[in-house]
Each structure stands twice: as C-alpha cells, then as structure tokens.
Amino acid sequence: MLKKYFSSSIGKKQTVAVTGFMLILFLIMHLAGNCFIYAGPETFNKYAATLESLGPVLKLIEWALTAVFAIHIAFTAMVVIENKKSRPVGYAASHYKERSLATRLMPYTGIILLVYICTHLFDFTFADTTTAISIFQNHQLGLYGLVVRSFMNPIKLVWYLIAMSAVGFHLSHAIQSLLQTFGVSHPAYTSFFRKLSLGLGVGIALGFSIIPLYVWFYIVPTLI
Amino acid sequence: MNETLHLTLKVWRQKDGHSKGHFETYKADNIDSHASFLEMLDVVNDRLAIQGIEPIAFDHDCREGICGACGAVINGRAHGPMSRTTLCQLHMRNFNNNDTIVIEPFRAKALPVVKDLVVDRSGFDRILSKGGFVSVRTGGTPDANATPIAKTKADLAMDAAQCIGCAACVAACPNAAAMLFVSAKVSHLALLPQGEVEKKERVTNMVAQMDQEGFGNCSNEYLCEAACPKGISITNIARMNRQYLASSVIPA
Amino acid sequence: MSLNSNIPSGPLSDKWTEHKFNLKLVNPANKRKFTIIVVGTGLAGASAAASLAELGYNVLNFCFQDTPRRAHSIAAQGGINAAKNYPNDGDSVHRLFYDTIKGGDFRAREANVHRLAEVSNNIIDQCVAQGVPFAREYGGLLDNRSFGGAQVSRTFYARGQTGQQLLLGAYSALMKEVGKGSVKLFPRREMMELVLVDGVARGIIIRNLVTGQLESYAGDAVILATGGYSNAYFLSTNAMGCNVTAAWRAHKKGAFFANPCYTQIHPTCIPVHGDYQSKLTLMSESLRNDGRVWVPKQKGDKRSPASIPEADRDYYLERKYPSFGNLVPRDLASRNAKTVCDEGRGVGSTGLAVYLDFADSIKRLGHKVIQERYGNLFEMYERITGSDPFKEPMMIYPALHYTMGGLWVDYNLMSTIPGLHVLGEANFSDHGANRLGASALMQGLADGYFVIPYTVGHYLASQPIPKIDTSHPAFKAAELETSTRISQLLSIKGKRTVDDFHRELGMLLWDKCGMGRTEEGLQEALVKIPQIREEFWQNVTVTGSEGELNQTLERAGRVADFLEFAEVLVTDALHRKESCGGHFREESQTPEGEALRQDDTFCYVGAWEFKGVGQAPVLHKEPLTFEAVSLSQRSYK
C-alpha cells in the first residue's frame with residue numbers, strides 16, 4: 001500500500017511537499033539561531049557550542065536533515081523527469097505567459113540552492129573555526145569570526161545574496177503549493193494563502209539576507 | 001459591425017498517429033468577423049477542398065460550448081484568448097486584421113494526435129470507468145427527496161460536475177497533468193451523500209488510472225483553471241489531494 | 001403488412017403493469033449468452049446499454065463521437081418533467097399524461113404516453129441516486145419550476161445544463177459497466193448498415209472513423225438510439241454530427257418511418273447572420289417571460305430599434321393573442337415570426353429576425369433583477385453576436401430543434417424489423433405531432449432505463465434465435481454494399497463541396513417544408529430533391545481516401561442519406577393535409593388563421609415503407625384511438 005502511495009503522482013508530490021515543509025521549519029530555526037549574531041561574538045559562539053554539545057543528537061538531526069534533503073531532491077527529480085516525458089512534443093507558440101516568475105524559476109532556484117548548500121557546508125559546517133581566519137584584533141572569534149571573514153569576501157557575499165533570493169522565490173511558490181498539495185484550500189482563503197506564501201518566502205529570504213549586510217556595513221568596520 | 005478579416009494561419013498538419021507532423025501556412029482571406037473560429041476553419045476547409053487539398057481535421061460537434069469535442073491551442077492558449085470560452089464559442093471579432101494565428105493540437109503523451117488537430121482523449125474515459133460513477137443499478141432507488149442535501153453542497157457538486165471533458169486543462173498544464181479533470185469528478189461525487197459512500201475506492205482507483213495513462217504531475221501552477229472553459233476550480237484538486245492522502249493512510 | 005402496435009388490453013393505467021407481468025423473462029444464467037448491439041450513447045442509448053449490462057447481457061455500444069459523453073442530449077438546457085407533485089400543486093401521473101397527449105395535438109398513442117408519465121418519477125429517483133446534482137431548495141429538497149407554459153411546476157433542472165447532467169449520469173452508469181467489462185465500448189465508429197438474417201436484425205456494419213476500416217458486429221438484438229433528423233435542414237440547433245444515417249439504413253432494410261413531417265421549430269434562436277453559418281444556437285424559452293417580441297409596423301423600416309417610436313412598433317404576439325401574449329406555445333410563436341418576416345417587416349441585416357426587447361422589463365424590475373434572471377443567457381448572446389441585450393433588443397428567429405417523427409415502433413419499442421428496437425428521439429412514439437418542453441429528456445431515459453430492459457428480454461425469450469457470427473454471408477454482402485458506396489463517393493471528384501449540397505437541401509426544406517407548408521411548395525420540393533440528389537452523385541467533391549480519418553467522407557455519407565430521406569419527409573408532409581402540432585398546412589387553418597386539425601381524416605400514425613430510392617414510399621396507417629381523453633382544438637386567444 002505504501003509503495004503504491006509513494007509511486008503515485010499525488011503521493012510523490014505530497015512527499016516533496018512534506019519534506020519541503022520540514023525544510024522550511026529547519027530554515028526558520030536556522031534563521032532564529034543566526035540571529036544570535038546580533039548579540040555579539042560570545043553569545044553567538046555559545047549558541048554554536050551548545051549545539052555542538054548535543055553530540056550524537058546533533059548527528060542524528062544532521063543525518064535526518066540530510067535524508068529529508070535527499071528525499072526532497074530525489075522525489076522532485078522523479079516528478080520533473082515524468083513531467084518532461086508527459087509532453088514529448090512541445091508547443092510552437094509560447095504557452096506559459098501566465099506562469100508566475102517563481103513557478104517558472106522553481107527548478108532553477110532549486111538547483112542554485114543545492115549548489116549553495118554544498119558551498120555553505122564547506123564554508124561553515126565543515127570548516128575549522130580555530131584557524132587564523134577567525135582571528136580579529138588578536139581575538140579568536142571562532143565561528144563568529146569565520147562568518148565575518150566569509151562575508152568580507154565580496155564574491156561570497158554576492159553569492160550568498162543570490163542564494164537567499166533563490167530561497168525567497170522558491171518559498172513564495174512552495175508554501176501555497178504545499179497547502180494545496182495537502183488539500184488545505186478554500187476559495188475564501190486562496191488569496192490569503194498566496195499572500196502568506198509570498199510574505200513568508202520574502203520574509204525568510206530577507207531575514208537571512210540582512211545578516212551579511214549587517215556584517216558588511218556594521219561589524220566589519222568595527223572589527224578592522 | 002461586420003468586418004472582413006484577412007488572416008494567416010499556421011496550422012499543424014499530421015496525416016495520422018504514426019506520421020510526423022509539420023506546420024502548413026494558409027491564407028484565410030475575407031473572413032467575416034462575426035464567424036466563430038470553427039466557422040472560419042469551415043470556410044478555409046471548403047476552399048481547400050475545392051483546390052483538392054485535404055481539409056484540416058478537427059473535432060467538433062455541438063458548437064455551443066457544452067459537448068467538449070472541440071479544442072486546439074490557439075497562439076499558445078488552449079481554446080484561444082478568451083477566458084471561459086470553448087473554441088466553438090470563440091468569435092473572429094476577437095482577432096485583428098492581418099493577424100497570424102498559430103493553431104496546434106492539444107499536446108500530451110496521454111493525448112496522442114490522431115490527425116491534424118484531432119487528439120485521442122480516450123484516457124479520460126478509462127479514468128472514469130475506474131470510479132467516475134455511483135455504483136447503483138437501474139431501479140430500486142429511494143425516493144429522490146429521501147435524502148436532503150444542503151443547497152451549498154449541491155451547488156458545489158454542480159460546479160464540479162460542469163466539466164465537459166475537453167482536456168484543455170491537460171493542454172494548458174506545463175506538465176500535461178489531468179488533475180483538474182479527475183478532481184472535478186472526484187469532487188462532484190464525493191460532495192453528494194450518494195457518492196460519498198465509495199469515495200475512497202474512487203479516488204484511489206481513478207488516480208491510479210490517471211498515472212497509468214501517462215499524464216504529468218501537478219505542480220500547482222493553476223494554468224488549468226485559467227484555461228478551463230467551465231471555470232472548474234483548483235479547490236477540487238485540493239479536495240482530491242486531501243482525499244487521496246486520507247484513503248492512502250486509512251484505506252477503505 | 002399491417003401494423004400491430006401490441007398495445008395491451010385493459011384499463012389505461014394498468015396496461016404497463018399488466019404488460020410487464022406478461023412479458024417473458026430470460027433466465028439470469030442465460031442472459032450472458034445474449035449479445036445486444038446498442039448504437040448511440042445519448043440519454044436513451046447510454047441508459048439502455050448500462051441497464052442491459054447490469055442485467056447480465058453482453059452489450060456492444062457504438063458512437064461516432066470520440067467518447068459517449070459527447071452525444072447531443074448534452075445540449076438540452078431546460079429540464080426534465082416528472083409527476084412527483086413535490087410542490088403540491090395538483091400534478092399527477094394522469095395530468096402529465098394528459099398534458100403530453102394534448103401537447104402532442106392528439107397524434108400520439110395513449111398507452112405509450114401514459115407509460116411515459118408513469119415511469120417519469122422513477123427517472124428522477126434513478127438520476128438522484130446516480131449523483132445528478134439537480135437544483136435544490138435551501139431545505140435540501142429538490143426544486144421544481146414551471147416550464148413551457150405548463151400549469152404545474154413539474155420540471156426538475158440542473159442550472160441551464162439539465163441535459164448535460166442527465167447525460168453524464170447515464171454515461172457514468174455506462175462507464176461503470178465498461179469498467180466491469182460487461183459493455184464493450186466502440187467510440188469513433190459510425191453505423192453504415194443494418195444486417196438482416198432471415199428478415200431479423202442480427203448485426204451492423206460500422207466504419208471505424210480513425211482507420212476507415214469496415215467492421216462487422218453480430219448480436220441477438222439491435223437497438224438504435226441515434227437521435228433525430230433536424231440536420232436535414234442544414235441549419236438547426238442540433239450538433240454538427242447529428243444525422244439520419246442509422247435510422248435511414250434501417251428504413252431501407254424494412255423498418256417503417258413514422259410521421260417524418262412532425263418537426264419542431266423553436267422560436268427563440270439566434271438568427272442566421274451569414275452564409276458561413278454552420279449551426280443555430282438556441283436561447284432558453286424562459287426569455288419570453290420578460291421579453292417583448294416586436295417588429296416595425298412599416299415594411300422595410302431600417303431605423304435602429306431605439307429610434308423606432310412606440311407608435312411604429314408592432315408587438316404582434318400581444319396584439320393577436322391578448323391572453324397569452326409573448327408566452328404562446330412554440331409553434332405559434334415560430335409561425336408568427338415567419339409571417340411578419342414574410343411580410344418584409346423582419347429586422348437585422350438579413351430581414352430574418354424579430355426583436356425580443358427587455359427594455360420595459362428592465363425599467364419595471366431593474367437592471368439587477370434582469371441580470372439575475374437572464375445574466376448567463378445575455379452573456380451567451382453577447383459572446384455570439386457581440387451585442388449587449390441590456391443596451392439593444394435581442395434579435396431572435398425560429399430554428400429546427402427536434403423531430404417528433406422517427407422509426408415506427410410498437411409498444412415494446414420494436415420496429416417493423418423483428419429484433420430491431422428504436423429508442424429516444426430516433427423513434428416516433430411519445431410526442432405525437434408536437435413535443436412539450438422538458439419531455440425529450442424524460443422520454444430518452446424512460447425508454448433506456450425502464451422500458452427496453454423488460455421488452456428486449458421478452459423478445460429474446462419469445463423465439464429461438466439461431467447462433468450466427470460475422471462470417472455469415474449477410475455480413476459480407478452488407479460490407480460490400482457499404483464499401484461500394486464509399487468508393488463511389490470518393491470517385492466522383494466533382495466541383496461542389498458536401499456542405500454546399502447540404503446547404504441547398506436545407507434551404508429547400510426550410511422554405512417548403514418548414515414552419516408553413518403548402519401543397520404547391522411541397523410538390524415543388526418533391527421535384528427538386530431528386531435533382532439535387534442526382535447532381536450530388538455527379539458533382540460532389542470528397543477529398544482524401546477511405547482508409548483514414550476522413551471527415552469529409554463522413555459528412556458526404558450523411559448528406560447522401562439526408563438527400564434520400566428528405567423525399568419521405570416531404571411526401572409525408574404532402575399527404576397530411578391537416579395542420580397539427582409542428583406540421584402547419586396553410587390550406588388547413590381556422591378563419592382566424594390558426595392550425596386546424598382534421599380528426600376525421602388524419603387521426604392516425606403515418607408509417608412509410610421504403611420501395612427504392614426515387615420510388616414513392618408506401619403509406620401504412622396505424623389508427624389512433626382515444627379512450628381516456630377527448631379530442632379538443634387548442635386555443636390561445
């Protein structure tokens with residue numbers, strides 16, 4: 001029965017949606033954690049240390065998260081491949097003028113995010129926070145320092161902002177889409193859900209984007 | 001007022017399901033702006049026939065927007081540029097003199113071209129044969145007023161039941177999905193107490209057949225709703241998603 | 001050959017019940033040994049195919065459309081009658097029976113019509129059980145409305161799409177059986193020939209419209225539910241594909257054609273606007289509740305309607321029929337529109353239209369009320385014509401809409417060919433000379449759900465039916481006949497298109513055998529039809545080939561049959577010198593110019609026997625006797 005569900009069009013789509021929903025929750029928590037940066041190096045590093053101290057629990061969470069990502073990507077890939085096959089001959093006249101930018105960019109923003117996440121993991125998660133990179137004014141600032149140093153690099157800063165706008169586009173479609181996919185829909189709320197989706201998407205993207213700008217314009221001048 | 005239009009048509013011609021198709025260009029001169037799109041094609045076809053060229057094949061029957069037989073993609077839009085309008089109800093006054101009109105069949109793996117603009121929509125019949133009904137026999141039914149049905153529910157069921165099975169939703173969907181069509185029938189029957197009884201088997205079996213036919217997956221872009229000549233709402237798709245999940249978690 | 005209608009004896013209201021008891025039954029285990037061919041998937045065909053399959057018969061179901069759901073029953077707007085008496089306004093089976101027989105101008109069989117009224121209630125129950133979303137009141141019970149001038153509210157409806165919803169209901173029942181494998185569905189197949197073995201209907205030849213191949217199917221009984229012949233007139237409200245071919249092929253094999261001259265013309269259609277026009281669109285009759293019909297008093301008055309002052313307008317229905325006014329029955333409204341147009345007072349670019357004006361109602365009731373009542377109709381009108389009925393009066397004109405005549409059948413719905421049963425609009429049985437609004441849907445479903453399942457069983461159980469298959473020489477002969485005819489059509493390669501001939505025939509019929517018919521006009525038509533037919537067979541151009549999807553060839557075959565059928569239509573109209581229902585003979589009218597029935601001479605069903613193309617058909621009369629009702633002349637003054 002489960003096999004039938006997961007191989008059905010709606011089952012696959014709902015799997016994408018439920019994993020997407022988990023990822024959105026993760027993003028919101030991640031953003032909340034990131035906000036410790038406004039409280040200064042000690043608090044931020046302490047937050048990081050607390051996370052580290054979870055030990056095996058953290059590992060478990062990380063593996064679960066990786067699995068969720070993998071499922072999200074794998075099912076999306078299956079759906080996209082099937083969708084391509086379902087129309088072997090395309091239209092000569094342009095057909096998709098009414099499609100919103102967010103939906104049209106969905107696969108591309110998804111790919112940008114995938115690449116970004118890899119670079120992001122190497123930059124922060126797997127990085128050694130005790131090297132000279134993290135030292136500012138003779139202080140070893142740990143992860144905080146690493147973050148600041150990263151965003152001092154304009155290329156990384158711009159790449160980060162591009163990725164976060166991809167997050168914004170991706171989520172502004174995703175949130176209303178997952179509501180629809182789980183059948184949370186009523187004509188009275190359709191426009192509210194679309195606005196909510198757009199609002200949340202843009203809000204999360206802005207929330208993440210303000211941090212590097214804060215670093216660039218506020219922290220860097222004080223540290224150097 | 002009557003106007004006379006001079007048009008250029010780029011029409012998909014394909015001899016049969018096995019042949020490769022191509023576009024042909026035809027001049028459509030002196031077309032009355034009051035003619036319907038299909039009447040314009042009739043005029044063009046009559047002129048072709050006189051020249052010994054085989055007319056353009058297209059499906060059509062009632063020509064009043066209810067049978068669901070007609071349909072083609074006109075300049076990239078299923079059933080043409082007017083909303084809530086089947087191709088037979090589209091009139092030439094909505095076009096301008098000297099326009100070039102691109103006419104293509106509905107395209108999907110599950111709607112193979114039979115000839116020119118004619119496509120095979122028998123997949124829709126097969127989907128409905130898996131559950132698009134209430135399993136009652138003729139005779140022996142209770143009095144029609146035995147079960148009251150709230151007017152709001154009956155109206156919602158009627159909204160969904162208006163689907164004409166033209167397949168414009170599939171044609172318009174970027175993924176050639178048939179979700180709007182299938183969900184309209186699932187909703188129509190599930191909303192009524194008569195159909196509610198077997199709603200779980202219905203949604204499970206109809207979705208399974210829909211997948212088997214090779215229709216694409218829904219990506220919630222709602223172009224189906226925009227193209228639907230009967231204004232079938234995407235809330236029906238949401239209802240089907242909900243029911244499908246429920247009947248997968250707790251089968252009938 | 002004498003016509004035996006097989007009407008059971010006994011009191012009228014017991015006939016059907018008695019008859020059902022007397023009908024022979026087929027043993028449940030034996031039902032699967034019988035194969036029944038059903039041609040057509042409209043209300044009658046789909047309901048019959050589904051019901052017979054439920055009983056256990058093997059059913060083969062054919063339609064020319066790409067799916068059964070497209071049959072033209074789908075286009076019926078108004079509603080379906082039943083004698084439920086839910087509104088408590090005095091309706092009963094007997095009243096529905098009486099209204100239908102009177103509405104048919106006393107040219108239908110009492111027993112058939114009574115049975116129709118009896119089963120009408122079962123139909124509503126059946127449809128509701130299938131999930132047909134009829135209109136409901138706030139309390140959750142079914143809503144009824146008055147329709148077509150009936151004194152009681154007995155019409156059930158589903159918005160303006162009752163036919164669609166009923167057909168989708170029957171189609172769903174059909175698809176349920178298709179899913180189980182008890183009905184084999186054959187879409188995009190057109191019946192080309194009926195096959196008789198030893199004088200009994202045993203199969204059909206069809207053309208696969210996709211591959212062009214001829215295919216033979218054998219069965220133990222054949223059911224035709226192939227609709228009416230309005231398209232003989234080229235322009236009608238019927239779908240483009242509606243045709244007489246199946247009925248005509250059966251007629252040529254020996255099935256009598258009854259009352260072909262009874263055609264119904266609907267008064268409120270959108271007028272013809274150009275020679276490219278392919279069909280006419282019906283606007284609901286309900287518009288006459290609030291619209292006023294008028295034309296200018298002066299011949300050739302070309303002023304815009306707004307600039308014609310009240311004094312120069314002729315509200316001719318209100319003038320001639322003060323008590324019914326704009327709500328006179330369909331035939332009167334249609335005929336009077338023709339009269340004023342013939343006088344040169346018609347409006348619009350063609351002069352073949354009259355105004356239906358809502359200005360007074362808008363003034364009296366307000367824009368909002370009119371919008372609520374007719375908004376969707378006004379929108380439809382504007383979509384087609386580009387003119388807004390709120391700003392200028394609608395233009396309407398009558399159009400061919402329904403045909404009461406059809407293949408002759410007995411009480412068991414069997415034609416004069418044993419084994420060949422005919423249902424729905426394709427038969428002649430229940431509407432007499434005129435059909436009341438919301439009765440067509442009722443008859444189609446009555447025949448399919450509640451009559452044929454009993455009577456076909458009786459036929460199958462009544463005589464030994466030898467086993468045959470399509471290797472029988474009769475099938476080969478019929479196939480050869482069909483393929484010869486197809487090759488002939490393709491070989492002509494003339495100069496005129498199929499539609500051109502069809503249009504010519506249609507105009508002739510509309511002129512000479514339309515709303516008003518005269519001896520002279522009909523004689524003229526009888527001379528011209530063979531000429532058109534002759535030219536058709538010498539000068540038509542049919543492109544493409546036989547072995548492919550060829551829509552021109554399909555149309556050519558149908559038009560060829562219309563060209564033969566038209567002669568019996570006109571012959572019937574010529575012989576019936578009375579006026580009744582949809583058949584108005586100008587020679588037979590009252591001093592006030594109303595239709596005059598001649599019950600002494602013409603109170604019978606006229607059933608025609610085929611004697612060869614171009615040969616005069618032979619008339620057989622089935623006398624009509626009335627026990628429960630007394631014949632009266634209609635009056636709407």
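The following exchange takes up chains A, B and C of a predicted model.

Reader: Why is Q165(C) called buried?

Author: Its relative accessibility is 2%. Buried means under 20%. The value of 2% falls under that cut-off, so Q165(C) counts as buried.

Reader: Where does Q165(C) sit, and what does Q165(C) touch?

Author: Q165(C) belongs to helix 6 of chain C, residues 162-180. Leaving out residues up to four places away in sequence, Q165(C) touches M158(B), A161(B) and Q162(B). From chain C, V132(C), P133(C) and A158(C) are touched as well.

Reader: What makes R121(B) and D66(C) a salt bridge?

Author: The N to O distance between their side chains is 3.1 Å. The definition asks for a side-chain nitrogen of Lys or Arg within 4 Å of a carboxyl oxygen of Asp or Glu. Arg and Asp fit, and 3.1 Å is within 4 Å, so the pair qualifies.

Reader: How many salt bridges are there between chain B and chain C?

Author: The count is seven. Polar contacts between chain B and chain C come to 45 residue pairs, both partners at pLDDT 80 or more.

Reader: Which elements of chain B supply two or more residues to the side that touches chain C?

Author: Helix 1 (37-50), helix 2 (122-129), helix 3 (151-161) and helix 5 (179-190) do. Strand 6 (113-115) and strand 7 (118-119) of chain B do too. Helix 3 of chain B gives the most, with seven residues.

Reader: How does that side of chain B divide by residue class?

Author: There are 34 nonpolar, 20 polar and 20 charged residues on the side of chain B that touches chain C.

Reader: How many residues make the contact of chain B and chain C, and what area is buried?

Author: Chain B gives 74 residues and chain C gives 73. Between them, chain B and chain C bury about 6100 Å². Carbon and sulfur atoms account for 50% of that area.

Reader: Now chain A and chain B. How do you know that R99(A) and E221(B) form a salt bridge?

Author: Their closest N and O atoms are 2.6 Å apart. The cut-off is 4 Å, between a Lys or Arg nitrogen and an Asp or Glu carboxyl oxygen. Arg and Glu fit, and 2.6 Å is within the cut-off, so this is a salt bridge. The count between chain A and chain B is one salt bridge.

Reader: Which helices of chain A each supply at least two residues to the side that touches chain B?

Author: Helix 1 (2-7), helix 2 (9-34), helix 4 (56-85) and helix 7 (154-181) of chain A. By class, that side has twelve nonpolar, 18 polar and eight charged residues.

Reader: How many residues meet, and what area do chain A and chain B bury?

Author: 38 residues of chain A are in contact with 45 residues of chain B. About 3400 Å² is buried between chain A and chain B, 53% of it on carbon and sulfur atoms. In chain A, I10(A), Y91(A) and Q180(A) lose the most area to chain B. Together they make up 18% of what that side buries.

Reader: What is the secondary structure of chain A?

Author: Chain A has eight helices and two strands. Along the sequence they run α-α-α-α-α-β-β-α-α-α.

Reader: What share of chain A is buried?

Author: Of its 224 residues, 41% are buried. The accessible surface of chain A comes to about 12300 Å², with 75% belonging to carbon and sulfur atoms.

Methods. Residues numbered from 1 in each chain as written. Chains lettered and ligands numbered in written order. Predicted model: local features only at pLDDT ≥ 70, side-chain atom pairs only at ≥ 80, totals over all residues. Heavy atoms only, no water. Contact = heavy atoms within 4.5 Å. Buried area = accessible area lost by both parts, 1.4 Å probe. Polar contact = N/O pair within 3.5 Å; in protein donor to acceptor, adjacent residues only side chain to side chain. Helix = DSSP H or I, 4+ residues; strand = E, 2+ residues; numbered from the N terminus. Nonpolar A, V, L, I, M, F, W, Y, C, P; charged D, E, K, R; others polar. Buried < 20%, exposed > 50% of the residue type's maximum accessible area, 1.4 Å probe, protein only. Areas by Shrake-Rupley, 256 points an atom, 1.4 Å probe, with all protein chains shown as cover.
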